[in-house]
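This briefing concerns the internal spaces, open pockets, cysteines and salt bridges of one protein model. The notes below are grouped by topic and are meant to be read alongside the structure.

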Amino acid sequence: MSYCINPELILVIRVLSINMPLIMLCGFPSSGKSKRSLELKEYLENEKNKTVTIVSENDFLNKEKNAIFSDSRREKDLRGAMKAEVVRLLNKDDVTIFDAGNYIKGYRYELYCATKHNKTPHCIVHCLVPTEQAWSWNENQVEDEQYTREVFDGLVMRYEEPNSSNRWDSPMFTVLPEDKPQFESIFEAIYLRKPPPPNQSTQTQPLSSTNFLFELDRTTQEVTATIMSAQKIVGGSDIKIPGVTEPVNLGRMLTLAELTRARRQFISYTKMHPVEDTAKLSALFVQYLNTTLG
């Protein structure tokens with residue numbers, strides 16, 4: 001005797017057999033990420049009867065965004081606290097929406113590894129807004145919730161735009177200012193798509209142990225951004241890098257092209273000669289700049 005199984009039943013079983021997904025927002029400061037998060041929450045709760053939790057960067061900043069994003073150590077602590085909360089919420093009951101800039105590709109990679117570890121689907125919602133439009137929206141915020149121009153420009157400079165060809169940035173849905181999120185496509189991507197299987201690295205390595213290459217990329221990016229920002233004030237001499245004793249002291253202004261080229265050379269060298277203590281990367285990069293560009 002043969003039986004005909006209802007395809008809709010198969011779909012229900014498939015959905016119920018996986019953990020609930022992560023939706024990761026990504027974009028410039030003041031690019032409408034919180035608005036999009038609320039729109040997605042409303043859609044998933046009202047149209048799809050899902051339970052949704054938003055982890056918002058604003059809840060962690062406590063109106064200290066300019067102080068935190070001006071201090072690399074506090075910013076790193078912020079990212080760690082937010083990631084811990086997101087990972088804690090990855091379970092079989094809730095959809096988690098992570099409302100933050102998520103501007104570092106290594107950070108997005110870590111969260112992707114967390115979803116793999118939990119056998120949970122994820123997607124990226126990229127809020128694509130022109131820089132000056134985002135700045136205009138920032139100026140329309142109440143005063144104690146605005147970014148300063150210096151902090152805003154620094155975050156924009158450090159922003160590593162998601163690329164859907166990277167597995168940790170895929171699937172990705174780009175939302176323009178005049179558009180609505182692609183609600184149904186996002187729902188299908190996170191509920192009807194099989195989550196990536198965990199591999200050995202995501203099962204055996206603690207998430208707090210950051211991949212060396214991504215830490216190298218992040219650290220050199222932050223040093224570069226600090227130098228470009230500081231040059232507007234002090235020129236090319238005695239530029240202080242947070243956590244580094246030796247200043248950048250070249251006696252001249254550096255162009256972004258020079259710094260980018262030096263950064264790539266330093267990364268290539270350090271890949272072949274990795275250091276065990278990643279906390280030393282900033283100091284080593286400063287020494288490299290003073291030696292090669294001075």
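The structure holds 3 cavities of 30 Å³ or more, and it is a predicted model. It also holds 19 salt bridges, while the count of disulfides comes to 0. Among its open spaces, the largest pocket encloses about 670 Å³, and the second largest pocket about 390 Å³.

**Cavities**

- The largest cavity has a volume of about 90 Å³.
- Its lining is formed by Gly27, Phe28, Pro29, Lys33, Glu57, Phe69, Gly101, Tyr103, Tyr147, Leu155 and Tyr159.
- By class, the lining of the largest cavity comprises 7 nonpolar, 2 polar and 2 charged residues.
- The second largest cavity has a volume of about 80 Å³.
- Residues lining the second largest cavity are Glu57, Phe69, Glu75, Leu78, Arg79, Met82, Ala100, Gly101, Asn102, Tyr103, Ile104 and Tyr107.
- Helix α5, spanning residues 72-89, gives the most to this second lining, with 4 residues.
- The lining of the second largest cavity divides into 7 nonpolar, 2 polar and 3 charged residues.
- Glu57 appears in the lining of the largest cavity and also in that of the second largest cavity.
- Phe69, Gly101 and Tyr103 likewise line the largest cavity and the second largest cavity.

**Salt bridges**

- Of the 19 salt bridges in the structure, several are described here individually.
- The side chains of Glu75 and Arg158 form a salt bridge, with an N to O distance of 3.1 Å. Glu75 belongs to helix α5 and Arg158 to helix α8 (residues 149-158), so this pair ties together parts that lie 83 residues apart in sequence. Glu75 and Arg158 are both buried.
- Arg79 and Glu222 meet through their side chains in a salt bridge of 3.6 Å, N to O. Because Arg79 lies in helix α5 and Glu222 in helix α11 (residues 212-234), the pair ties together parts that are 143 residues apart in sequence. Arg79 and Glu222 are both buried.
- Asp169 and Arg108 form a salt bridge in which the closest N and O atoms are 2.8 Å apart. The pair links distant parts of the chain, with Asp169 in the loop between α8 and β5 (172-175) and Arg108 in helix α6 (residues 105-117), 61 residues apart. Both partners, Asp169 and Arg108, are buried.
- Through shared partners, salt bridges join Glu75, Lys76, Arg79, Arg158, Glu215, Arg218 and Glu222 into one network.
- Two members of this network, Glu75 and Arg79, are also among the residues lining the second largest cavity.

**Pockets**

- About 670 Å³ of space lies in the largest pocket. It is lined by 29 residues, of which Asp71, Ser72, Glu222, Thr226 and Pro242 are the closest to its centre.
- The elements that contribute two or more residues to the lining of the largest pocket are α5, α8 and α11. Helix α11 supplies the largest share, 11 residues.
- By class, the lining of the largest pocket has 11 nonpolar, 9 polar and 9 charged residues.
- Glu222, one of the residues closest to the centre of the largest pocket, is the salt-bridge partner of Arg79.
- The second largest pocket holds about 390 Å³ of space. Its lining consists of 18 residues, and those nearest its centre are Ser34, Asn58, Lys65, Gln141 and Tyr147.
- Helices α2 (33-46) and α3 (57-61) are the elements that give two or more residues to the lining of the second largest pocket.
- The residues lining the second largest pocket divide into 4 nonpolar, 7 polar and 7 charged.
- Tyr147, one of the residues nearest the centre of the second largest pocket, also lines the largest cavity.

**Cysteines**

- A disulfide is a covalent bond between the sulfur atoms of two cysteines. In this model the count of disulfides is 0.
- Why is Cys127 without such a bond? The closest cysteine sulfur, in Cys26, is 8.3 Å from the sulfur of Cys127, which is too far for a bond; the cut-off is 2.5 Å.
- Cys127 counts as buried because its relative accessible area is 3%, under the limit of 20%.
- Cys123 is also buried, with a relative accessibility of 0%.

Technical notes: Residues are numbered from 1 along each chain as its sequence is written. This is a predicted model: local features need pLDDT of at least 70, side-chain atom pairs count only at pLDDT 80 or more; totals for chains, interfaces and linings use all residues. Side-chain values use heavy atoms; hydrogens and water are left out. On a 1 Å grid over the protein atoms alone, a cavity is a set of points where a 1.4 Å probe fits but cannot get out, and a pocket is an open set with protein on both sides within 12 Å along at least five of seven lines; lining residues have an atom within 4 Å of a point. Grid points are joined across faces, edges and corners, and a volume is the space filled by probe spheres set on the points. Ala, Val, Leu, Ile, Met, Phe, Trp, Tyr, Cys and Pro count as nonpolar, Asp, Glu, Lys and Arg as charged, and the others, Gly among them, as polar. Buried means under 20% relative accessible area, exposed over 50%, partly exposed in between (1.4 Å probe, protein chains only). A salt bridge is a side-chain nitrogen of Lys or Arg within 4 Å of a carboxyl oxygen of Asp or Glu.
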